[in-house]
Amino acid sequence: MADLETVRKRLEKKILSDGHTFREVSLKIGRKDSYIQQYVKYGFPKRLSEVDRKKVCQFLNMDENDLVDDELLASGMAKPELIPEKTEKSIPNAEFAAIDIYAPRPETELYKTLCGRMALKVKDFPDWCGTYAHNLQIIRVTADTMEPTLSSGSLLMYSTDVKEYQGDGIYIVRYGDYIQIKRVQKIAADKYLLKADNRRYEDIACPAEELEIVGKAVSCITSRLL
């Protein structure tokens, strides 16, 4: 049994006792260097996302249950995965990859909006979409900003390994209080342009420090009634 503060202190103790730094752990999981310190010291974010929690536990060799608080456990969002933890040794031997499906809502952490899960047989999808199936997640398109490329209701598959800008493309990003699906272009060393394919929407210029890249789109499952 553990509340949010207990979980944060437990993580802090493990990091320091193992001789690591908050910055080191942040970078290891693909986050900005201050991410873990902000979480541990100030409770921001309120809790680690499922993806970040797994990566932290893999790096620190922790039991994932040690970072699950009572509220999360009671919500049923911390159920065991269908596949082994993602490590270099377990990837080739895992029979199925469980790909989470999210439906983001304004001012809500993406990983709190789990609405489904898809299982892919790994050996039938080797390096699917240019990445391991274990690295894939799906976000449900709920707006028309990317039409005609992405229609509302479609399922957009993206790679969670991409946490930094890797050239022009469609990214899942957090800007302000919103998770958005936009084309991202770098227009200066410290500035990006968020572009919608739907010409009804204007481009948004945003400072690099205010943009969080959640992943990069690799494929789309289009929703169309037959």
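1. First, a term for what follows: on a 1 Å grid over the protein atoms alone, a cavity is a set of points where a 1.4 Å probe fits but cannot get out, while a pocket is an open set with protein on both sides within 12 Å along at least five of seven lines; a residue counts as lining if it has an atom within 4 Å of a point. This is a predicted model, with local features needing pLDDT of at least 70 and side-chain atom pairs counting only at pLDDT 80 or more, while totals for chains, interfaces and linings use all residues. Numbering runs from 1 along each chain as its sequence is written, and side-chain values use heavy atoms, with hydrogens and water left out.

2. Cavities. There are two cavities of 30 Å³ or more in the structure. The second largest cavity holds about 40 Å³ (grid points are joined across faces, edges and corners, and the volume is the space filled by probe spheres set on the points). Its lining is made of Val7, Tyr39, Arg47, Leu48, Arg53, Leu67, Asp69 and Leu72. By class that gives five nonpolar, no polar and three charged residues (Ala, Val, Leu, Ile, Met, Phe, Trp, Tyr, Cys and Pro are nonpolar; Asp, Glu, Lys and Arg charged; the others, Gly among them, polar).

3. Core. Leu48 and Leu67 turn up again in the largest nonpolar core, which has 17 residues; they are among those touching the most other members, together with Leu11, Ile15, Ile36, Val56 and Leu60. Such a core is a set of buried Ala, Val, Leu, Ile, Met, Phe, Trp, Tyr and Cys residues joined through side-chain atoms within 4.5 Å. Helix 1 (4-17), helix 2 (22-28), helix 3 (35-42) and helix 4 (50-60) each give two or more residues; helix 3 has the largest share, four residues. Helices here are DSSP runs of H or I of at least four residues, and strands are E runs of at least two, numbered from the N terminus.

4. Second largest pocket. About 290 Å³ of space sits here. It is lined by 16 residues, with Thr142, Ala143, Ile179, Gln180 and Ile181 closest to the centre. Strand 6 (178-188) contributes the most, five residues, and strand 3 (136-140) also supplies at least two. The lining has 10 nonpolar, three polar and three charged residues.

5. Tyrosines. Two aromatic pairs come out of the whole-structure search (ring centres of Phe, Tyr or Trp, the last by its six-membered ring, within 6.5 Å; planes under 30 degrees apart are stacked, over 60 edge-to-face, the rest tilted). Tyr165 and Tyr171 are stacked, with centres 5.9 Å apart and planes at 25 degrees. Tyr165 also pairs with Tyr192 in a tilted arrangement, 5.3 Å centre to centre and 50 degrees between planes. That second pair links distant parts of the chain, 27 residues apart: Tyr165 is in the loop between strand 4 (155-159) and strand 5 (169-175), and Tyr192 is in strand 7 (191-195). Tyr165 is partly exposed at 21% relative accessible area, whereas Tyr171 at 0% and Tyr192 at 10% are buried (buried is under 20%, exposed over 50%, partly exposed in between, with a 1.4 Å probe and protein chains only).

6. Backbone oddities. Most residues other than glycine have a negative phi, and most peptide bonds are trans. The Phe44–Pro45 bond is cis, omega about 0 degrees, with Pro45 in the loop between helix 3 and helix 4. Glu147–Pro148 is cis too, omega near 10 degrees. Asn61 has a positive phi of about 55 degrees and is exposed at 68% relative accessibility.
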